[in-house]
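Good morning, colleagues. Please keep the sequence and the model in view while I speak.

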Amino acid sequence: MIRLLTLTLLLCVGLGCRAREHSDSLQPAVVETVQRATHRSVADPPPVEGHEPVLWVALEDHLGAAETAAPLNLRAFAGSLSLRDATGVQGSGSDFVITWRNVALARPMTLARRVAGPFASFESADRVASRWRALGVAAEVAHPREWEVWAPESSRVPDGLAVRDWQSTVTSTVEPVLQTPEGGRPLQGPLLIEASDGLLWAGGRFEGPFRLQRDAYGSWTLVEQVPVERYLEGVVPHEIGAGSPMAALQAQTVLARTWALANSHRFSVDGYHLCSDTQCQVYSDPRHAGAAVREAIAATQGKLLSLNNQPISAVYHATNGGVMAAGPEAWAMQSTTYLRAQPDGDEGWSNRHPLPLQQRQAVQALLADRSGAFGQRHPRFRWTRILSGPTLRQALGAAADPLVSPLQLKVLERGASGRVLALQISGSSDAAPVILKLDAIRRTLRTLPSTLFVLEPQGTERWLVVGGGFGHGAGLSQAGAIDLAWRGWPVERILSHYYPGTVYGPLSTLVQSP
């Protein structure tokens, strides 16, 4: 009897893969569809849960992307460092220098995926991923350099979503090498690093412990494992300033804690929870916390803003220019009851500037006014910028090539808070215009502090932009919170003002967002 032996290799999406062998007797071979992995497999970070949750925070990402990448220099703040790799290789000393080497794979691996993006923010990417998952597709948010959404090849695509197909064959991997006086010692990740008296990093002291681990792109990430309450010491002073009044410090502390737990899935594709830059919350030297910040952390320990016993999307920004934005005015997201457009000022201010502010004249009137607005002392409460044809072309890149000069700039749509939701850039021919929407406006035209503005033409291809606020405008205005704290408002009142209908206090069970 003739037996046909078929070996089908199944490459899973995400973790793990396995081979299945089967035989058929005098039957045609069954050809199975090979589902190729979308990215290099990385273990999920541990869940953020319990009463003393621990976050895995990236201090530096995209390390060792190639054999020629810059070395990683690790130095003890004081005392010594110890290192152990996955095979038990150990090292100790006051500093480590880790270089990189290419190692050929025993068998090349082909990766393939459908990609949507780039997106201006995680929030916009996550919204697209949710739409994709609603179709039963295992979509993931990734950040190779910009925010993208990845799905398995040939996946069904949500209506109206532009995607591109990507494929690459990986033949080698980059591995760390510990440099010693005797020469380089190859290591296998993850590397576990402890610092007896802290790690000196970016001029600050970080306690750790630390991990050097792979990401989804073939490079490496230096991660600190930090309890949430200690993490806040590195966030609050850098986000709102350690010299802010106590009620504002407490409000910022509650929001930073809430935001961290609600966003702990942000970098799950790369095996950690949060980054340490403005794509997350700025996390820097905890020594800057000072006595007032530590008092604010202690006074609010374990307390969050929640709705239905889940941490809310506790977004915040520097100043809103006198009017709060609804969430969908900032990002492509579902409306929420607590992120809504409303004036941010006293009764006189609110009466002079009722919403909606969707007419240009109403926005002009608001921008010409200050009296009674909360947070009006912020340096970017009001601002002006100049946009020109050349600066628009530079910002748009190749997208501007079909547009014939002179360019035209036009606001197509405003939200209830007066913010620009759609901005059109067109040429003098019939070429399709470029339309920037929501957070893509500031992501593209990076000189604009916010989308609360009006345009005043200044001649051919030149516009004066008169605006207010710094940031997306949704949720708490840090300048507003500082103003209200000086007026004697307690933390609960400040938070309920900016997030109406939410609950202030501990959760019965800490659950990270999906």
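Two strands are said to pair if DSSP finds at least two bridges between them. With that in mind, I begin with Arg75, whose bridge partner in β7 is Asp95. I should state at once that this is a predicted model.

Arg75 lies in an antiparallel pair: strand β4, residues 72–76, is joined by four bridges to strand β7, residues 95–119. Strand β7 also pairs with strand β10, residues 164–180, in the antiparallel sense and over 14 bridges. Within that pair, Ala104 stands opposite Ser172 of β10. A further antiparallel partner of β7 is strand β9, residues 147–152, with five bridges between the two. There, Ala116 has Val149 of β9 as its bridge partner. As a general reminder, strands of a sheet pair through backbone hydrogen bonds, either parallel or antiparallel.

I turn now to the nonpolar cores. Which residues have the most contacts inside the largest nonpolar core? They are Leu74, Tyr231, Ile494 and Tyr499, in a core of 95 residues. Helix α4, residues 246–262, supplies the largest share of this core, with 10 residues. Leu74 deserves a closer look. Leaving aside residues up to four places away in sequence, Leu74 touches Leu81, Ser94, Asp95, Phe96, Ile98, Ile193, Leu199, Trp201 and Leu222. Asp95 therefore appears twice in this account, as a contact of Leu74 and as the bridge partner of Arg75. There is also a second, separate core of 20 residues, which includes Ala400, Leu403, Leu423 and Val434.

That second core leads to strand β24. Strand β24, residues 420–426, is mostly covered, with seven of its seven residues buried. On one hand, β24 pairs with strand β23, residues 408–414, in the antiparallel sense over six bridges. Leu409 has Ile425 of β24 as its bridge partner. The hairpin of β23 and β24 has five residues between the strands, and there Gly418 takes a positive phi near 90°. On the other hand, β24 pairs with strand β25, residues 434–437, again in the antiparallel sense, over four bridges. Ile425 stands opposite Val434 in β25, and Val434 is one of the residues of the second core.

Next, a sheet with helices packed on it. This is an open sheet of three strands in the order β22-β27-β26, with antiparallel pairing. Its edge strands are β22, residues 382–388, and β26, residues 453–457, each of which pairs on one side only. From one strand to the next the twist averages 25°. Between β22 and strand β27, residues 462–468, there are seven bridges in the antiparallel sense, and Ile386 has Leu464 of β27 as its bridge partner. Helix α8, residues 360–367, lies across β22, β26 and β27 and runs at about 105° to β26. Helix α9, residues 389–396, also packs on the sheet; α9 touches β22 and β27, and its direction makes about 85° with that of β22.

Let us consider helix α11. Why is α11 described as largely enclosed by the rest of the structure? Seven of the nine residues of this helix, residues 478–486, are buried, so the surrounding structure largely encloses it. Buried here means under 20% relative accessible area. The buried residues are Gln478, Ala479, Gly480, Ala481, Asp483, Leu484 and Ala485. They pack against α3 (236–239), α4, β19 (316–317), β28 (476–477) and α12 (491–498). After α11 comes Gly488, with a positive phi near 100°.

Finally, the empty space. How much space lies in the largest pocket? The value is about 1200 Å³. Its lining comprises 42 residues, and Thr278, Gln279, Arg442, Gly471 and His472 lie nearest its centre. The elements that give two or more residues to this lining are α1 (122–133), α3, β19, α6 (327–330), α10 (439–444) and α11. The largest share, three residues, comes from α10. Helix α11 is thus both a contributor to the pocket lining and a helix largely enclosed by the rest of the structure.

As for closed spaces, the count is one cavity of 30 Å³ or more. About 30 Å³ of space lies in the largest cavity. Its lining is formed by Asp61, His62, His143, Asp215, Tyr217, Thr221, Phe267, Asp270 and Tyr272. Thank you for your attention.

How values were computed:
Residues are numbered from 1 along each chain as its sequence is written. This is a predicted model: local features need pLDDT of at least 70, side-chain atom pairs count only at pLDDT 80 or more; totals for chains, interfaces and linings use all residues. Side-chain values use heavy atoms; hydrogens and water are left out. A nonpolar core is a set of buried Ala, Val, Leu, Ile, Met, Phe, Trp, Tyr and Cys residues joined through side-chain atoms within 4.5 Å. Buried means under 20% relative accessible area, exposed over 50%, partly exposed in between (1.4 Å probe, protein chains only). Contact means heavy atoms within 4.5 Å. Axes are lines fitted to C-alpha atoms, for helices over the stretch in contact, and angles run from 0 to 180 degrees between N-to-C directions. On a 1 Å grid over the protein atoms alone, a cavity is a set of points where a 1.4 Å probe fits but cannot get out, and a pocket is an open set with protein on both sides within 12 Å along at least five of seven lines; lining residues have an atom within 4 Å of a point. Grid points are joined across faces, edges and corners, and a volume is the space filled by probe spheres set on the points.
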